[in-house]
Amino acid sequence: MLKLKIDGSDVEIAKGATILAAAEKIGIPIPTLCFLKKVSPTGACRMCVVEIEGADKPMTACNTPAVDGMVVTTQSEKLRKIRQQVMQLLLVNHPLDCPVCDAGGECDLQNSCYSLAVTHQRFEGENLNHAEMNDWPLIQQIPSRCILCEKCVKVCHEVVGASALAVHARGEAAYIDTVDGRPLNCEFCGNCVAVCPTGTLNSKPFKFKARPWALRKTPSVCTLCACQCQIDINSHGNEIYRITSDDAGTTNQGTLCIGGFFSYGFVNHAQRLTSPQIAQQNCDWDQAFARITTEIEAIRASSGSQALAGLSSPRLTNEENYLFQKMFRVAMGSNNIDSEARFGALRAMQATSAVLGLRGASHLLSAIGNSEAVLVFGADPTAEAPAVDWQVQDACRRRDAKLVVAGMHPIKLSKFANVALVCKPGTELELANGISRLLYERNLLQTDYLNQALANPAELKVHLDAINIDKVCAETGVERRLLEEVADILGAASSVSIIFGAEITKSVRGYEKSVAIADLAILCGALRNNSAGGLFPLDEKGNTQGLLDMGVCPEYLPGYQPYAQARESFAQAWKAKLPETGLDAMGILAGIEAGTIRFLYLAATNPLTFPNAKRWRKALEKVEVLVVQDILPTEVVNLATVVLPGASWAEKGGSVTSMDHRIRSLSRAIASPGTALEDWEILATLYGRLRKQAVSISRADILAEVSSLSQLYDKVNFAGDDRHRPCLKAPYRPLAKSFHYQTPQIDEIQTGLQLVCGKSPYHFGTTTTWAAGPLEIESQGLVRMHPLDASQVGVGEGERVKLTSSKGSVTAVLTLDDSLPAGLLFAPYHFANLEVQTLVEDGSNRVGVTLAKV
Amino acid sequence: MAEVIFSSWGREIVDNRKGEAQALSALQIKLPTSYLDRGEIRAFIGWDGVILLDRQVDVVALAAEYMKRVQEKYCCGKCTPGKKGTRVLQDTLARIQAGHGQPEDLKIIEDLGQLLESCKCTLCMSSVVPVLDLVHHFPDEFSAYSRGEIKPMGALRYTDKLTAPCTDRCPAHIDIPAYVEDIKDYRFDESLSRIRRNMPIPAVCGRVCPHPCESACRRGLVDEPISIMVLKRVPADHEWMHHKQPPMQPKAATGKKVVVVGAGPAGLTCAYYLALEGHQVKIIEMLSEPGGTVAVGIPDYRMPRHLLQREADVVAALGVDIAYGVKLGRDLSLRELKAEYDAVFLGTGAFKSKPMGVEGEDQGYEGFSAGGIHYLRAVALNEGLVTPKRVIVVGGGNTAIDCVRVALREGAEDSILVYRRTRKEMPAEYYEVDDAEEEGVQFEFLRNPTRLVTENGKVVGVEVVVMELGEPDASGRRSPKAVPGSEYVIPCDMVIPAIGQDPDLSYLEDGDYGIQKTRWSSIVTHDGTMMTDNAGVFAGGDCEYGAMTVVVAVGQGRRAARVMHRYLTEGKACLDDEDAMEDLLNNLQVFNKKEQIGLFGGLHREHQPKIAGRERASSYVEVEKALPESQAVREAERCLRCYRVGMIAVG
């Protein structure tokens, strides 16, 4: 610790801290304009100048490290004069368009000018302000308002890693533009807009819509992905005008992605469902509930409860998912409940649970940032979990960690990787095994640790001995020297984070591949350290963790209590008779096809985005009674017998659970349109009607019930509702000898052109295809392919191609992408008009296709 | 004889406007009096004042033009006082010059002069120094303009140059503040590109450069110099450790053919810049691998050769053809090269060891090495040389240090360095000497060999005489004198003289090329063009300078390439403004070790992690490990970004 004196007060601070940090620690305010805590100091504005004893010149507090014995003065006539003159200079050629400036009312320049009482201008200079940039999507840049603080440049480069902005030209003519001067083409995360202290970078969707002071800020959580960043919903009346996030006090440090910043448009979409419907005709709630209860009772009477089924959604809250499963199991007597997690997240969870006793991520996201090595395997964190992307960058760009990216195609993070491995599609298990073998071969295993952690250390050696590296290299197409480097990186690091995602978990052998990755996590000690490293399965959907925690699948009751074993105790607690078994999503699908499932309840989910979507479409068309609870008129709404309009995330309360097991609370910022109800109210009402018993819809009551039934949430305790601090589930602490090393075998070699369906970085499920923001960036689904593959069939950028698989054909517009390996096509699954999910087989994300010119 | 009319250079006011003019030479200001073939230098204006050599110079126009260039060409715009303040200054001076000056204007200049003290770097801050000098000392000229007494535009031509003390001191003139700032901004690729504009072998010069820049670092006047050399290694290692491909692309082919003799630092550098300009370049190299002295003269524990190979691969990737095992004078003659190529660059190094001048060294005794450089090469190239148990190395330079450290790694139990002065006078870098000591090298200071002691044609010891230090000589080092009768024998199995190398220019002996040589048998080139007396034949590196440093070789190789490009495309071997101003400022000296910086220091420089002494002495694994990037960023934060602009008025 260092001791220094600031304005006569003593302060102690850690070595390396700046004068500004030291002053902040004892509450001495030093004016700043360009300072942004989450990026490296810039020292541009010179507002934070202070006097230091022994120095003739004023020095900036933001980037001068404190030194033992320093004596600092932050306020003096000299400093005030400097600050005033700097302010006068800043205002040379600054337009006086404050009344129509987007930052009016929340402008740092205005505020500084005011607090320094700068009332006149004595300097003048030629006006060299660059013209406005109005041709960028979503964002407008008005250089005349810019004070060149570089916050936008730095947040883009250092935090987001998009590196889209740069300072151009010299002297007074200097301005900020895209690196190449062409219209902005980036991740459109909006962080540049968020950090801009003036009205230079503006959100076009927000421009001229509302004055900041007229907006009400409601603290909430972004539920578009499982990172669950903490946000403030800025609304007026019943409309969301923008989303903001505070740097201080949020787990995401104020950083958002396109989902958080620009994708709220679907909430106030003109086509929101506003009224319940029966047979596609508006009705009132009473009629809708009556129709559903009548149908259920009739089917139960004729075919029994096993003819009822439901699919729930990671878009719904913990409480809603809890009510959903309870409604089915207790009030309908059916355990035929499942969700889209069946096709990804649940596979990963079953694998990590079998090997490690782990369900979800092993550690907090910050443990990624703290680790010494990171392996991103078959995942694209930028698309699937942007806050994970930022953590990976924090580790490898700011904290000296090594990064390995492995998968069937390069991703954005590949550019930061020490080693980027591109393997042949479907060979991820071999690749994982190869790395495991080399860790062993190169003496990089911590034998003592493994003997202590593994229940079956003997099997490990047998398995590793059997792996042939030459065969691995041949099958995966990865060079041995690169594999060795990867093993050395993972073996040398004292803490390793392994992140795996959709291209592992959503592949047809996702379970086995996840097992191999869990094995690898054991071998490189990823689970050894409590604050750094860990295993992080990604699932793109917002509340998948909560959905599974609440037991929305036939095999588990809440808290992962095996259904068969825990059925009796739950039956007692719920004072009900529970069905003996249940069907999962594929069983439900087969049941509909066989006519044994006659009633299907879709709670905020759209099976037309599931693999083999055509089969699902036929089933939805066939099922006798289809109840759809949703917020937008999706294609499944059009097929529904009864439509129940629900609430968006901004219109309801309740809690959600992030991928790293933080539980956060939503807040109702606006009212739902028309007569739409909060989803838990719908579920509770229906439960009440079926069971003739009222159900509470209070977060506290439901979570109390959950914790009384399961240990998983028994530590959960919301400290207060105002700031919605996240609380944590019980942390993962593996016991000695609890790891079960497994050796899955699969044979998944495929030849020919492969199509992978996955997530776009600009869209989230299907809801954002109703949001103007992301649509401005990606308005339709395009099939990406390497120019070589396109030239083989004689098609070029923007042309239409026909893709044919064993399941059918679709035509699509293509876009060339030479970052993809030749032979691999990528298509986003979000768009109703690009039915790529009809091409893949059940439970798969990849299929062999042929291409033809249209 | 140039005369000084007024000077404020170095903050010393010399005003001869009323009295007799003083000779420029009397002021110890090393400013040339003419510039290229453009005429006489009439004035110099820069960070540390103004020098007027002509009464007719329009000081208002000079100040206005200087500030205009600072603002429009060089100010980065990244701090408020600099960006805005120099613009206000530029416009104010222009207004005065146009006859529209206001009484308030000089006060504004004065106030901004003070405000610019709080600039982010010294570029704008220092630019106001000469302007204030002129305002203070030439008030009549300024007020005359304000009264509308406008002078006609003079016939003077202005030429400017951005520099920094470190950049100036670096023989390759790398834009050091820029690459350091890029590191600070987490832009390692950009940093490397910036380095490569002047230095194509950053992995080498990030490791084994003697970094003269650091002795011209202004941060050193505050606390400790920036670790400039190590910060160069960081982006080079970043590219390598991320498997990134360098981004450089050569320009369109010119159709000109150039041969470069020697794939050492000078040759690789020259080839690199010529290839980028689109010339077809071939390198011939006598050894079987690239790097010259760096490869076979610097051991792998300091400079891993696979990285040297990578640097050569980068050069080769630009289309440069490197032929190994081809020696000029043996396999090819200079005449043949001249006939086949449009230009020739000689970068043949200095591979001939200097004799010690002791009895018996020319007898070919077993155990007597031909020289340090030979010993290092034999080990590097695995020529089967066996190092015995007791080795004596004679000399005090880096090569001597390399020899004693290599001898330890080659199995010597006693590795002894004999040097005729003390540790303090050793020309080797002090940290190399410390490293050697940590590894277990023994030192015999103030000893000079007088005779080899042999048995049956084999060295068994060296007779040495004890030395005493006398008065400092011309070089400032105290010259040693032998103490008569103090001779004694140090037993040993091997003696390696490492007291310096000379170029071997025997390839010039097969014909009269008209190429002049110095008495140290190095090649003479002219006026910074690196061209020899034979038109189209250029030379650089150790064969031109005498055994010197890697970075000098790089600087010369680059300069040669620039001039050769002009020679090939314009038919003239000449300097351009950048070269000429580089030399002019270098002569003037940019670093002032007496400067009072006025900042609070107290920060230590960051150091690379190192393998412990005894552990490393048995292996060739690189001793210095990479500086973690987070530490590099912290170190880069210490940089004061000491940019400054100098401008001459010529006519």
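Visitor: Where does Gln253(A) sit in the chain A fold?

Guide: This is a predicted model. In it, Gln253(A) lies in the loop between β12 (239-244) and α6 (258-262) of chain A.

Visitor: Is Gln253(A) buried, exposed or partly exposed?

Guide: Count the C-beta neighbours. Buried needs 20 or more within 10 Å, and exposed means 12 or fewer. Gln253(A) has 18 inside 10 Å, so Gln253(A) counts as partly exposed.

Visitor: Which residues does Gln253(A) touch, not counting those up to four places away in sequence?

Guide: Leaving out those sequence neighbours, Gln253(A) touches Lys38(A) and Asp247(A). Check the C-alpha distance to Gln230(A) as well. The two residues are 23 apart along the chain, and their C-alpha atoms are separated by 8.6 Å.

Visitor: Now backbone angles. Which sign does phi of Ser163(A) have, positive or negative?

Guide: Ser163(A) has a positive phi of about 50 degrees, and Ser163(A) is not a glycine. Look for Ser163(A) in the loop between α4 (151-160) and β7 (165-168) of chain A. With 17 other C-beta atoms within 10 Å, Ser163(A) is partly exposed.

Visitor: What is phi of Asp400(A)?

Guide: Near 65 degrees, again a positive value in a residue other than glycine. Asp400(A) is placed in the loop between α12 (386-398) and β18 (402-407) of chain A. Its count is 15 other C-beta atoms within 10 Å, so Asp400(A) is partly exposed.

Visitor: On to domains. How is chain A divided?

Guide: Read the bounds, and watch for split segments. Chain A has domain 1 (2-90), domain 2 (277-344 + 544-718), domain 3 (345-537) and domain 4 (754-853). Domain 2 of chain A is written as two segments. Over C-alpha atoms, the centres of domain 1 and domain 2 of chain A are separated by 56 Å.

Visitor: And which domains does the assignment give for chain B?

Guide: Domain 1 (3-164), domain 2 (257-351 + 503-574) and domain 3 (355-499). For domain 2 and domain 3 of chain B, 31 Å separate the centres, taken over C-alpha atoms. Their contact takes 6 residues from domain 2 of chain B and 9 residues from domain 3 of chain B. The domain 2 side of that contact has 5 nonpolar, 1 polar and no charged residues.

Visitor: How many residues does each chain give to the contact between chain B and chain A?

Guide: Chain B gives 39 residues and chain A gives 44. On the chain B side, α1 (59-74), α2 (80-97), α3 (105-115) and α23 each supply at least two residues. The largest share, 9 residues, comes from α2(B). By class, the chain B side divides into 15 nonpolar, 11 polar and 13 charged residues.

Visitor: Helix pairs next. At what angle do α7 and α23 of chain B cross?

Guide: Take the two axes, then ask how far apart they come and at what angle. Helix α7 (residues 176-184) and helix α23 (residues 629-637) of chain B come within 8 Å and cross at roughly 130 degrees. Therefore α7(B) and α23(B) are oblique to each other. The crossing is left-handed.

Visitor: Which residues meet in the contact of α7(B) with α23(B)?

Guide: Val180(B), Glu181(B), Ile183(B) and Lys184(B) of α7(B) meet Ala632(B), Val633(B), Ala636(B) and Glu637(B) of α23(B). That contact divides into 5 nonpolar, no polar and 3 charged residues.

Visitor: How do α16 and α17 of chain B pack?

Guide: Helix α16 (residues 372-380) and helix α17 (residues 398-409) of chain B pack at about 40 degrees, with axes 9 Å apart. That makes α16(B) oblique to α17(B). The crossing is left-handed. From α16(B), the contact takes Gly372(B), Ile373(B), Tyr375(B), Leu376(B) and Val379(B). From α17(B) come Thr399(B), Ala400(B), Asp402(B), Cys403(B) and Val406(B). By class, the contact has 7 nonpolar, 2 polar and 1 charged.

Visitor: Why are α12(B) and α14(B) called roughly parallel?

Guide: Angles under 35 degrees count as roughly parallel. Helix α12 (residues 265-276) and helix α14 (residues 305-316) of chain B cross at roughly 30 degrees, their axes coming within 9 Å. Therefore α12(B) and α14(B) are roughly parallel. Their crossing is left-handed. Leu268(B), Ala271(B) and Tyr272(B) of α12(B) meet Glu311(B), Ala312(B) and Val315(B) of α14(B). This contact divides into 5 nonpolar, no polar and 1 charged.

Key:
Residues are numbered from 1 along each chain as its sequence is written. Chains are lettered from A and ligands numbered from 1 in the order in which they are written. This is a predicted model: local features need pLDDT of at least 70, side-chain atom pairs count only at pLDDT 80 or more; totals for chains, interfaces and linings use all residues. Axes are lines fitted to C-alpha atoms, for helices over the stretch in contact, and angles run from 0 to 180 degrees between N-to-C directions. Helices (H or I, at least four residues) and strands (E, at least two) are DSSP runs, numbered from the N terminus. Angles under 35 degrees count as roughly parallel, over 145 as roughly antiparallel, 65 to 115 as roughly perpendicular and the rest as oblique. A crossing is left-handed if the near helix is turned anticlockwise from the far one by less than a right angle, and right-handed if clockwise. Two residues are in contact if their C-beta atoms, placed from the backbone, lie within 7 Å. Ala, Val, Leu, Ile, Met, Phe, Trp, Tyr, Cys and Pro count as nonpolar, Asp, Glu, Lys and Arg as charged, and the others, Gly among them, as polar. Domain bounds come from an automatic or database domain assignment.
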